Amino acid sequence: MSDYLEDLGRQLDAAAARRVAGRRRLPRPAPVAVAGVAALAVGVIVLTSGGQTPERPAPGTERPASVVRIGVPFDKVSPPPPGLADVPVTVANGTLTPGLGATFADQLENAGWTIKEIVNASQTDLAMSTVVGEGADAVGEALGLPVGGRFDFGGVNPRLAIVLGADAAPSAHVIRARPGETPGGACLELRLPDDVPLTSCGTAPTDSEPLGLVTVATLPSGRWLVYGYATEGTEAVAIGRELTVQTRVKAGVPGRYFLAETDPMPAVFVGALGADLAPLGSVGSLEPSDEKLTSKDQARAAGDLAGFAPSMSTRDQTFVFEGAEIAPAEARRRGLSCAVDDSPVVRCTDPPPAG
Amino acid sequence: MTSDEELLARALTDPAAFGAFYRRHGAAVLAFLVRRSGSAEAGAELTAEVFATALARVETYRPERAPAIVWLFAIARNRLTDYHRSGAVASRARRRLGIARIAMDDEALERVERLASLDVSATVLHDALDGLPAEQREAVLARVVEERSYEEIGARADVTTTAARQRVSRGLAALRHRLGDRP
């Protein structure tokens with residue numbers, strides 16, 4: 001016994017709730033999420049500043065609901081192989097990122113795939129996207145996605161579904177990692193929207209300083225891209241008060257890497273979190289500093305954006321220091337702090353004073 | 001009673017507000033679309049797409065431009081025109097919002113047909129729209145749904161901007177008058 005208008009009403013209610021929730025979540029997360037991560041971040045600070053026993057997050061706040069965006073090359077969806085173009089594919093959003101399913105479905109559709117529906121998976125914290133159902137193997141192979149898993153789609157029973165995880169947000173993705181200039185360190189090569197390449201290098205992470213590379217790049221949208229790598233034992237990183245992202249493994253990265261997109265924050269803060277999200281160490285600060293900053297290290301400690309600039313861009317950019325053009329390699333050699341973003345001119349500031 | 005316009009304004013922050021708007025006008029839109037499409041199934045699917053479009057665009061609705069019901073039925077007419085032109089029910093907005101297609105059995109189809117045969121009072125709106133001179137109707141729809149500028153509307157109809165503005169305001173005035181006469 002079902003009534004069309006009632007059924008449609010329920011669907012619209014759910015869609016309206018999702019939209020309202022999405023609006024609330026972006027740019028500002030729900031209070032619950034803020035409280036959860038604030039507890040985490042405080043724990044990290046206690047550990048690093050005083051060396052006391054780290055405070056564990058309060059019960060119930062271990063896994064803050066947060067917006068997780070880690071990019072995989074989904075912005076390069078390939079056309080369907082012969083025989084798959086007419087197979088109706090359901091796209092399911094397995095994250096809390098609003099619009100992820102629609103964005104991906106649009107890309108699939110543009111590439112020639114047939115989209116049946118866009119639905120929400122009951123699971124909202126899926127990390128890796130996957131393909132499930134009849135013919136999943138062929139679709140998985142065509143799109144380079146893993147296959148399998150059990151999902152609930154809230155009453156909808158798609159025959160073939162791509163379930164999107166946190167890796168599906170098309171903000172940016174790591175292309176490759178290569179050895180860095182310091183022993184054990186590495187460089188991450190990223191591709192930003194519009195194919196802008198970006199490279200940043202860091203030192204090898206250690207148990208006492210679990211974060212090896214932490215970079216903040218400004219995206220064309222004005223949002224921040226926070227990425228880097230950390231020790232093997234770093235399961236997740238807390239970024240600011242509001243965001244926790246899982247770390248991932250990639251060949252060439254010492255330990256694990258992380259990548260997340262956030263709204264600009266007053267100060268840069270990244271905390272490394274181990275098993276059960278226990279704080280391991282951190283860089284930056286939750287509050288902006290009034291101090292006069294004279295070096296990149298100081299800027300880093302104070303959470304100033306200048307301390308987290310990408311070390312180089314392979315794009316056509318002019319580096320400027322004291323009004324004159326300077327070679328990026330020279331800027332690096334002299335330890336200048338250069339704010340690399342998508343603009344054609346990169347401004348570098350003073351090197352740290354001797355000693 | 002909360003006005004339609006208030007409900008749409010509140011829909012930005014209150015999920016229940018859009019639901020209330022739908023429950024007020026869903027039957028009328030369904031009846032209108034089933035009658036005009038000549039198919040219970042197409043009418044039902046069009047109804048889902050119309051409300052999904054309205055929900056997706058709710059932040060663009062401007063009460064000072066037109067009453068909410070005019071806006072809603074203008075969307076319905078646009079979708080209906082697309083349907084007659086292409087023979088297929090658009091589903092982009094519905095899918096974009098993650099609204100599943102609702103399968104209908106014979107019994108459900110029959111109920112929809114019965115509903116459409118009833119004279120649902122709010123359908124006076126489409127009759128009101130139909131009652132407008134063609135050029136006023138086109139101008140109102142272009143302004144309210146497509147959000148065209150008066151310049152564009154004028155250029156399209158090959159009249160001055162002032163004339164386009166006049167057509168829109170006269171059309172809306174006529175609609176308001178008719179809708180206002182409703183109990």
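Contact here means heavy atoms within 4.5 Å, and with that criterion one can follow, in this predicted model, how two helices of chain B meet. In H2(B), the residues B:Ala27, B:Leu30, B:Ala31, B:Val34 and B:Arg35 are in contact with B:Val112, B:Leu115 and B:Ala116 of H6(B). By class, this contact comprises 7 nonpolar residues and 1 charged residue, with no polar ones. An α-helix has 3.6 residues a turn, so residues three or four places apart point the same way.

As for the geometry of the pair, the axes of H2 (residues 15–37) and H6 (residues 106–117) of chain B come within 8 Å of each other and cross at roughly 95°. H2(B) is therefore roughly perpendicular to H6(B).

Following H2(B) along its length, one begins at the N-terminal end, which is capped by B:Asp14 through a side-chain oxygen that lies 3.0 Å from the backbone nitrogen of B:Ala16. Within the helix there is a kink of about 50°, centred on B:His25, and after H2(B) comes B:Gly38, which has a positive phi near 75°.

Turning to the two chains, 29 residues of chain A are in contact with 36 residues of chain B, and the chains bury about 2,800 Å² between them, with 57% of that area on carbon and sulfur atoms. On the chain A side, A:Tyr4, A:Leu5 and A:Leu12 lose the most area to chain B, together accounting for 25% of what that side buries.

Definitions and conventions:
Residues numbered from 1 in each chain as written. Chains lettered and ligands numbered in written order. Predicted model: local features only at pLDDT ≥ 70, side-chain atom pairs only at ≥ 80, totals over all residues. Heavy atoms only, no water. Axes fitted to C-alpha atoms, helices over the stretch in contact; angles between N-to-C directions. Helix = DSSP H or I, 4+ residues; strand = E, 2+ residues; numbered from the N terminus. Parallel < 35°, antiparallel > 145°, perpendicular 65-115°, else oblique. Nonpolar A, V, L, I, M, F, W, Y, C, P; charged D, E, K, R; others polar. Bend = angle between axes of the 7 residues up to and from the residue. Polar contact = N/O pair within 3.5 Å; in protein donor to acceptor, adjacent residues only side chain to side chain. Buried area = accessible area lost by both parts, 1.4 Å probe.
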